[in-house]
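Q: Got a minute to walk me through this one? I'd like to start with the ligand.

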Amino acid sequence: MKVVLQNLTKIFPSRDKKAGKEVVAVNDFTFEIPDGKLVGLLGPSGCGKSTTLYMISGLQKPTGGRIFFGEDDVTELTTENRGIGLVFQNYALYPHMTVKQNILFPLQNLKGADKMTKDQMLERAYNVAKLVQIDELMERKPSELSGGQQQRVAIARALVKMPRVLLLDEPLSNLDARLRLQTREEIRRIQKETGITTVFVTHDQEEAMSISDMIVVMKLGVVQQTGKPQDVYDDPTNLFVAKFLGTPPINVFDGCVKDGKVYIGQDKVLEISGVADQDVTIGIRPEGFELDPAGGLTCQLSNVEVMGRDVSVVSTHPASVNPSVRSIIDADNKVDLGAGIVRYSIKPHKIFLFNKETEERIYFEVK
Ligand code: ATP
């Protein structure tokens, strides 16, 4: 089932009526989530991603705009009548109930034509428990489970009513690093197996990139960019998106374009066409540097960190906005720490130019 957000807006009134300003938590958000896909809503704290999710769920009422599930306008429907499954960061399981009772709970409240027999409910509960691989734990209480297992129970409980849309709000935040990795792969598998259109909220870009079919990057209530994770990473629309995606993060420099040449400080790093002379902000992805004794960019070498297959070269440059410049290069390349400097040429598709004031991307052609 596709989900369509049409000019969705949420404005919270100010708490302090005299002095305070209202908060535009989500501003004119229009987007279509394709049927059966997993979409990651991504952005820093306060960007409006949870508010968007709550509006899709019906927990919050939009100030403006409409929400459609397929062709159904669900904007005025209550949460119970939308056919959604919700999973929160803090599992929210009933502690006095067993896993089985927790999963059965939403089915026991079904009314009218949806009412199920006890056997039908049990069959459904065991099927979803199998899907999320907790069918061996049905008689335990939540306190007897690990965090990852508890979150699986929460997912099973959300799935047992066969929702039209699955909504996940930071579902991995309470798990330790190893469990997070494992559980996010699980979520992806479950989502693919069920084919339920899913919206996943996270502030962790790596998490969103790794499991989403599409990502939506938000800032201060405004959608910055939408697209497939790799496309957004490779082709960011502005400096905010470029900085938000990628670990290690993109390297940012002050620079300029002059006579078709891109300069970082005094260093000429690229020849381009299609851009007028101007000061610019320059972003270079860590994998965009190539060791080159004749390269245009000269950095002061600080350290080389071995990471196995790759090495991370840490250096400084006077025009760098951050304290250090970090490149990732193949470990087969030998960096001479004693040399004091390191010279790079730059891969043209890994360097981005941004307007100094608006921070919007400036597109160029490589000469
Ligand atoms: P986080 O990752 O910290 O949860 P978020 O991106 O999910 O952040 P939201 O919770 O959607 O952000 O909040 C967006 C903005 O709306 C923030 O500025 C927040 O302070 C504000 N906001 C959220 N809920 C309310 C509310 N009930 N009343 C007033 N302002 C609110």
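Q: Which residues come nearest to the ligand?
A: Ser 45, Gly 46, Lys 49, Ser 50 and Thr 51, out of the 13 residues around the ligand. A residue counts as near if one of its heavy atoms lies within 4 Å. This is a predicted model, where local features need pLDDT of at least 70, side-chain atom pairs count only at pLDDT 80 or more, and totals for chains, interfaces and linings use all residues. Residues are numbered from 1 along each chain as its sequence is written, and side-chain values use heavy atoms, with hydrogens and water left out.

Q: OK, what does Ser 45 do there, distance-wise?
A: One of its polar side-chain atoms lies 2.5 Å from a ligand oxygen atom. For Lys 49, a polar side-chain atom is 2.8 Å from an oxygen atom of the ligand.

Q: And which part of Gly 46 lies 2.7 Å from a ligand oxygen?
A: A backbone N or O atom.

Q: How much of the ligand does the protein bury?
A: 63% of the 630 Å² that the ligand exposes taken alone, with areas from the Shrake-Rupley method and a 1.4 Å probe.

Q: Which element gives the largest share of the shell?
A: α1, with three residues. Helices here are DSSP runs (H or I, at least four residues), and strands are E runs of at least two.

Q: Switching topic: how do α2 and α4 cross?
A: The axes of α2 (residues 99–108) and α4 (residues 147–159) come within 7 Å and cross at roughly 30 degrees. Axes are lines fitted to C-alpha atoms over the stretch in contact, with angles from 0 to 180 degrees between N-to-C directions. So α2 is roughly parallel to α4, a label for angles under 35 degrees.

Terms used. A polar contact is a pair of N or O atoms within 3.5 Å; within protein, one must be able to donate a hydrogen and the other to accept it, and residues adjacent in sequence count only if both atoms are side-chain atoms. Angles under 35 degrees count as roughly parallel, over 145 as roughly antiparallel, 65 to 115 as roughly perpendicular and the rest as oblique.
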